[in-house]
Amino acid sequence: FERIFADYRRVRNKPRLKIIDIGCSYGINAALLRTDLDLDDLYAAYLEPSGSLSRRQEIEHRAFFRDRGLRDDIQFVGVDPSFRAVKYARNMGLLEAGITADLETRDLTADERCVLADADIIISTGCVGYATERTFARVYEASATSRPWVVAFAMHPFSYDGIAAALRGFALETKVADRFRQRQRRFSTSTERQAILKAMTKLGMEDRLERTTGYIFASCYISAPSREAL
């Protein structure tokens, strides 16, 4: 994301970015990108008995993130169906604003559209397959005047074709960024592994990594206006 943000700043000449995180949950992307923490740091803080965030006192959690020196050159707006998750991320100062909605089933309200306006980049790191082109189209349409880029990770074997087609309706060109392919998670069971490998074969997806590493991977898709496409 940092490399993509740098490319966007170079193309658009805009130092401060407004990021929409679809499927933001508890604001983990914002925490990782607005601090010097990595994912192992967050695991330790939340899960170890002596971790800074292992207790439930919200005031301690707020102090933890405040003391990390949250950067303000990127502003996050979260979109997620979970009220508790979005509320937590907002209370921690990780999100500037949040929209609690299942956009698969309803349109945005006028107020929610205002919150999403003027976005620079729309991201998603785990909700493709649960959120479809309906959600992405509704979010993009609300911020379309600023022509945001869309950067999304889709876990195999979920298809991104429907979302790419919806974004094409906004004159965006979508490319697969193989250099940004990421491990998503381990297979939960051998049955899941067999089912995913079978689905990938049926879809004609290259499955070498899933067959050899024990992990499910996610492909990165970048959508941008054709003259800006990376």
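**Salt bridges, cores and a surface patch**

R68 is partly exposed, its relative accessible area being 32%. In this predicted model, R68 is a convenient place to start, as its side chain takes part in a salt bridge with D36, where the closest N and O atoms lie 2.8 Å apart. D36 sits in the loop between α2 and α3, while R68 belongs to the loop between α4 and β2 (74–80), so the pair ties together parts that are 32 residues apart in sequence. D36, at 59% relative accessibility, counts as exposed, because the class begins over 50%. R68, at 32%, falls into the partly exposed class. The D36–R68 pair belongs to a total of 19 salt bridges.

Two further pairs involve residues of helix α4 or its surroundings. E58 forms a salt bridge with R62, and here the closest N and O atoms are 3.1 Å apart. Why do E58 and R62 lie about one helical turn apart? The two are four residues apart in helix α4, which accounts for the separation of about one turn. An α-helix has 3.6 residues a turn, so residues three or four places apart point the same way. Both partners are partly exposed, E58 with a relative accessible area of 34% and R62 at 32%. The second pair joins the side chains of E60 and R55, with an N to O distance of 2.5 Å. E60 has a relative accessible area of 27% and is partly exposed; R55 is also placed in the partly exposed class, at 48% relative accessibility. Elsewhere, salt bridges link E2, R9, R71 and D73 into a network. Behind such pairings is a simple principle: side chains of opposite charge can pair when their charged atoms come close.

Helix α4 has a buried side as well. Within residues 58–67, the buried members are H61, A63, F64 and F65, and these buried residues pack against α2, α3 and α5 (83–91). After the helix comes G69, which has a positive phi, near 70°.

F65 leads from helix α4 into the nonpolar interior. The largest nonpolar core holds 34 residues, and F65, F76 and I121 are the members that touch the most others. The element giving the most to this core is strand β8 (residues 215–225), which supplies four residues. Apart from neighbours within four places in sequence, F65 is in contact with A31, L37, L42, Y46, L53, L70, Y88, M92 and L94. There is also a second, separate core, made up of 29 residues, with I20, A101, Y140 and A152 among them.

Strand β8 also contains S223. Is S223 buried or exposed? With a relative accessible area of 0%, S223 is buried, since any value under 20% counts as buried. The side chain of S223 makes a polar contact of 2.5 Å with that of T174. Setting aside residues up to four places away in sequence, S223 touches W149, V150, Y160, L167, L172, E173 and T174.

On the outside of the model, Y26, I28, L39, Y43 and L47 come together as a nonpolar surface patch, and their combined accessible area is about 490 Å². Which helix gives the most to the nonpolar patch? Helix α3 (residues 39–47) does, with three residues. Y26, another patch member, is located in the loop between β1 (17–22) and α2 (28–34). Its relative accessibility is 39%, and Y26 therefore counts as partly exposed.

A final example concerns E133, which lies in helix α7 (residues 133–143). E133 has a relative accessible area of 35% and is partly exposed. Although E133 and A166 are 33 residues apart in sequence, their C-alpha atoms are 6.0 Å apart in space. When neighbours within four places in sequence are left aside, E133 is in contact with G162, I163 and A166.

How values were computed
Residues numbered from 1 in each chain as written. Predicted model: local features only at pLDDT ≥ 70, side-chain atom pairs only at ≥ 80, totals over all residues. Heavy atoms only, no water. Core = buried A, V, L, I, M, F, W, Y, C linked by side-chain atoms within 4.5 Å. Buried < 20%, exposed > 50% of the residue type's maximum accessible area, 1.4 Å probe, protein only. Contact = heavy atoms within 4.5 Å. Patch = residues over 30% accessible without salt bridge, like charges linked within 9 Å, V, L, I, M, F, W, Y side chains within 5 Å. Areas by Shrake-Rupley, 256 points an atom, 1.4 Å probe, with all protein chains shown as cover. Salt bridge = Lys/Arg side-chain N within 4 Å of Asp/Glu carboxyl O. Polar contact = N/O pair within 3.5 Å; in protein donor to acceptor, adjacent residues only side chain to side chain.
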